[in-house]
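User: I'd like to learn how to read a two-chain model, one feature at a time. Can we start with the place where the chains meet?

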Amino acid sequence: MELLAFGKTGWGDELFYATLMTIAVSITALLIGFLFSLIFTPLKLSNNKFFNLIANSYTTVIRGVPELLVIYLFFFGGSGAIMYVASIFGYLEYIEINAFITGSFAIGIISGAYSTEVFRGAIQSIDKGQFEAAKVLGIKRNVQFFKIIMPQMLRLAIPNLSNVWQITLKDTSLISVTGLVEIMRQSYIAAGSTRDPLLFYSVAALIYLMLTFLSMKLINRLEIKYSRGF
Amino acid sequence: MDFTLMITSLPKLLGAAVVTLKLLSLSLFFGLFIGLLFAILRLNKNPFIKNFAYGYSYIFRGTPLLVQIFIIYFGLGQIEYFRSTFLWVVFKEPYWCAIIAFALNTGAYTSEILRSAFQTIKPGIIEAGKSLGISNKIIFYKIQIPVAIRQSLPAYGNEIILMMKGTSLASTVTLMDLTGVAKYIISTTFKPIEVFIVAGSIYLFMTFLIHNIIRYLEKKYNFQ
């Protein structure tokens with residue numbers, strides 16, 4: 001048990017900070033994913049065939065290829081791509097991007113593909129009459145989106161978004177291969193130096209279980225909030 | 001773009017894709033049995049058995065697959081007593097550790113899929129069987145299970161694709177599957193984009209195949 005103590009003798013505080021890191025990466029990745037779905041959901045719903053093709057290939061490729069492979073692409077290719085862009089502007093020094101940014105970007109792109117599908121499904125299942133009624137009443141397009149479509153869409157999307165959150169949270173464990181010190185990496189380091197892998201990986205599993213349990217509780221509250229009146 | 005690298009790495013990656021498919025089929029095979037077993041346990045009236053099955057699926061669905069593999073591969077070997085048992089023959093191999101972790105993981109998801117399929121079977125079907133004088137056992141094996149399998153096909157198809165992506169984690173325990181070989185080629189040539197395109201296309205092709213097989217089965221077993 002003293003292995004898990006806080007302070008210099010144990011790994012408790014290290015694991016605590018690693019947990020915070022996992023939470024930070026997951027939230028950043030989820031937000032990056034939302035940004036991506038903000039771009040790709042309208043492309044998916046548009047009537048333009050070319051836009052549809054772009055958005056469909058994004059979601060199909062990302063959902064059909066393992067997360068680990070995407071992470072390797074970003075880990076090995078990320079700084080090369082940035083350096084290439086920088087060389088166009090005349091900057092030729094070596095640029096190293098931080099593991100947090102590559103990691104949350106890679107997971108964000110994956111999570112974006114899933115949330116794009118969720119938002120598309122939610123918007124498509126809103127009754128057409130709602131759009132038409134708004135048009136008939138002469139409501140402007142952006143007001144229509146924020147005041148009429150979005151509140152209804154969120155109610156439908158939140159249960160599925162909670163799945164996306166769970167997937168994102170669990171995917172962050174894969175960033176440990178790039179060396180970012182989150183729960184998995186910290187357990188790996190601790191297991192290596194104490195030769196007690198069973199204990200540390202079990203603790204890691206418990207932390208993940210706790211995180212998924214707590215986030216389910218929070219999301220249930222949100223669900224109740226957004227389904228008022230139904 | 002380095003097209004020669006893409007062409008020369010293709011046979012290596014295709015060979016590794018066979019490893020991925022082997023891992024996938026073995027873990028799905030064992031996972032289906034585990035899933036069916038736990039789905040039946042979930043429907044049991046005894047609260048202890050029911051909660052045990054629920055706890056199993058909750059733990060395996062609530063933790064990342066990577067942790068599960070690491071516990072089984074690195075963790076279990078640490079127990080002295082465990083190493084002296086006959087199980088050690090299986091658990092010292094990374095190949096079998098990966099398959100056990102994948103099977104337990106997919107079993108948890110499969111049990112949820114099958115449970116919800118059992119629960120949504122229309123009671124009329126079971127009543128029809130009873131009124132024809134068919135015994136409860138035969139109703140379960142010959143009516144409930146086939147109907148549940150048909151109803152869970154779309155969800156199970158998704159699970160197969162998720163599991164195929166999950167097998168990429170075998171590369172973290174030294175197995176050279178498609179992702180493992182892709183990573184090896186990337187780290188020796190530093191050409192991530194080319195290798196990603198080739199390996200990604202192989203994965204997409206496999207996803208496409210699985211998707212179409214499931215669609216075909218859905219049509220074949222459609223009874224509505």
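User: How many residues does each chain put into the contact?

Analyst: Two residues are in contact when their C-beta atoms, placed from the backbone, lie within 7 Å. Here 28 residues from chain A and 31 residues from chain B take part. On the side of chain A that touches chain B, α2 (49–64), α3 (67–88), α7 (183–194) and α8 (197–226) each supply at least two residues. The largest share, 10 residues, comes from α8(A). Before we go on, this is a predicted model: local features need pLDDT of at least 70, side-chain atom pairs count only at pLDDT 80 or more, and totals for chains, interfaces and linings use all residues. Residues are numbered from 1 along each chain as its sequence is written, with chains lettered from A and ligands numbered from 1 in the order in which they are written.

User: What is the make-up by class of the side of chain A that touches chain B?

Analyst: First the classes: Ala, Val, Leu, Ile, Met, Phe, Trp, Tyr, Cys and Pro count as nonpolar, Asp, Glu, Lys and Arg as charged, and the others, Gly among them, as polar. On that basis, this side of chain A has 20 nonpolar, five polar and three charged residues.

User: And how do I read the overall fold? How many helices and strands are there in chain B?

Analyst: Helices (H or I, at least four residues) and strands (E, at least two) are DSSP runs, numbered from the N terminus. Chain B has 10 helices and zero strands, while chain A has eight helices and zero strands. Along its principal axes, the C-alpha trace of chain B spans about 70 × 50 × 25 Å; for chain A the figures are about 70 × 55 × 25 Å.

User: What percentage of chain B is buried?

Analyst: Count C-beta atoms, placed from the backbone, within 10 Å of a residue's own: 20 or more others make it buried, 12 or fewer exposed, and anything in between partly exposed. Of the 224 residues in chain B, 36% are buried; of the 230 in chain A, 37% are.

User: Take Ser152(B): is it buried or exposed?

Analyst: Ser152(B) counts as buried because 22 other C-beta atoms lie within 10 Å. Ser152(B) sits in helix α8 (residues 136–166) of chain B. Leaving out residues up to four places away in sequence, Ser152(B) touches Ile113(B), Leu114(B) and Ala117(B).

User: How would I check a helix, say α9(B), against its expected span?

Analyst: The expected span is 1.5 Å times one less than the number of residues. Helix α9 (residues 178–189) of chain B has 12 residues and should span 16 Å, and its end C-alpha atoms are 16 Å apart, which agrees. Its buried residues, Ala182(B) and Ile185(B) among them, pack against α3 of chain A together with α1 (3–42) and α10 (192–220) of chain B. Just after α9(B), Phe190(B) takes a positive phi of about 55 degrees.

User: Which residues touch the most other members of the largest nonpolar core?

Analyst: In soluble globular proteins, nonpolar side chains tend to be buried together. A nonpolar core is a set of buried Ala, Val, Leu, Ile, Met, Phe, Trp, Tyr and Cys residues joined through C-beta atoms within 7 Å. In the largest one, with 102 residues, the answer is Ile71(A), Ala204(A), Ile69(B) and Ala182(B). Helix α6 (residues 94–119) of chain B gives the most to this core, 12 residues. Not counting residues up to four places away in sequence, Ala204(A) touches Ile183(A), Met184(A), Ser187(A) and Val67(B).
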